[in-house]
Amino acid sequence: MSAFPPSPPAADQALHSNPALRSNPASRIDLRGLKCPLPVLRAQKELARLAPGDRLILECTDPMAAIDLPNLMRETGDIYEGRSEEPGFTAHHIRKAPTP
């Protein structure tokens, strides 16, 4: 597994100021075998139902997800925490942004 890149400063500040955001368990979604744009569309759908601070792990085999998911997070304002290589797939770690 690879290490996660550092969180953006705003995300880091939100995590430290709210203990509930640090303790939320992650939902895992198996998107293996799905090709672009389906992983992004499924991520959008799942993020819409999550509460602020909830974590999401997307299991993807599509190499484009490594580009598309961070771009989606920039558009939505949610937090792309990084990815880790697992046997047979890449796990993308996302956190629903706190509400302003």
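## Close-up views of a predicted model

**View 1. Leaving aside neighbours within four places in sequence, Glu46 is in contact with Ile29 and Leu56.** The model shown here, and in every view below, is a predicted one. Glu46 belongs to helix α3. Is this glutamate buried or exposed? With a relative accessibility of 13%, Glu46 counts as buried, because the limit for that class is under 20%. Its two partners, Ile29 and Leu56, each get a view of their own below.

**View 2. Ile29 sits in strand β1.** Its relative accessibility is 18%, so Ile29 also counts as buried. Which residues does Ile29 touch, once those up to four places away in sequence are set aside? They are Glu46, Leu56, Ile57, Leu58 and Glu59. Of these, Glu46 is part of helix α3, while Leu56, Ile57, Leu58 and Glu59 fall within the range of strand β2 (55-60). For a sense of scale, look from Ile29 to Pro39: the two are 10 residues apart in sequence, and their C-alpha atoms are 9.7 Å apart in space.

**View 3. Leu56 is among the residues with the most contacts inside the largest nonpolar core.** That core has 14 residues, and Leu47, Leu58, Cys60, Leu69 and Ile94 join Leu56 on the list of those with the most contacts inside it. Helices α3 and α4 (65-76) and strand β2 are the elements that give two or more residues to the core. Which element gives the largest share? That is α4, with 4 residues. Nonpolar side chains tend to be buried together in soluble globular proteins. Not counting neighbours within four places in sequence, Leu56 is in contact with Ala26, Ser27, Ile29, Glu46, Leu47, Leu50, His92, His93 and Ile94.

**View 4. His93, one of the contacts of Leu56, is found in strand β4 (residues 89-95).** At 11% relative accessibility, this histidine counts as buried, since it is under the 20% limit. What does the side chain of His93 make a polar contact with? The partner is the side chain of Ser84, at 3.2 Å. Arg83 is worth finding here too: His93 and Arg83 are 10 residues apart along the chain, with 5.7 Å between their C-alpha atoms.

**View 5. The peptide bond from Cys36 to Pro37 is cis.** Its omega is near 10°. Most peptide bonds are trans. Where does Pro37 lie? Look for Pro37 in the loop between β1 (26-30) and α3 (38-49). Pro37 has 46% relative accessibility and therefore counts as partly exposed. Although Pro37 and Met64 are 27 residues apart in sequence, their C-alpha atoms are 8.8 Å apart in space.

**View 6. Arg32 lies over the face of Phe89.** The distance from Arg32 to the ring centre is 4.4 Å. Phe89 falls within the residue range of strand β4. How many aromatic pairs does a search of the whole structure find? The count is 0.

**View 7. Stepping back, the whole chain has 4 helices and 4 strands.** Following the sequence, you will meet them in the pattern α-α-β-α-β-α-β-β. The chain has 100 residues, of which 40% count as buried. Taking contacts between residues at least 6 apart in sequence, 67% join residues at least 24 apart. The surface that the chain exposes comes to about 5800 Å², and carbon and sulfur atoms supply 57% of that area.

Note on methods. Residues are numbered from 1 along each chain as its sequence is written. This is a predicted model: local features need pLDDT of at least 70, side-chain atom pairs count only at pLDDT 80 or more; totals for chains, interfaces and linings use all residues. Side-chain values use heavy atoms; hydrogens and water are left out. Buried means under 20% relative accessible area, exposed over 50%, partly exposed in between (1.4 Å probe, protein chains only). A polar contact is a pair of N or O atoms within 3.5 Å; within protein, one must be able to donate a hydrogen and the other to accept it, and residues adjacent in sequence count only if both atoms are side-chain atoms. Rings of Phe, Tyr and Trp (its six-membered ring) pair if their centres lie within 6.5 Å; planes under 30 degrees apart count as stacked, over 60 as edge-to-face and the rest as tilted. A charge sits over a ring if NZ of Lys or CZ of Arg is within 6 Å of the ring centre and within 35 degrees of the ring normal. Contact means heavy atoms within 4.5 Å. Accessible areas come from the Shrake-Rupley method with a 1.4 Å probe; for residues, only the protein chains shown count as cover. A nonpolar core is a set of buried Ala, Val, Leu, Ile, Met, Phe, Trp, Tyr and Cys residues joined through side-chain atoms within 4.5 Å.
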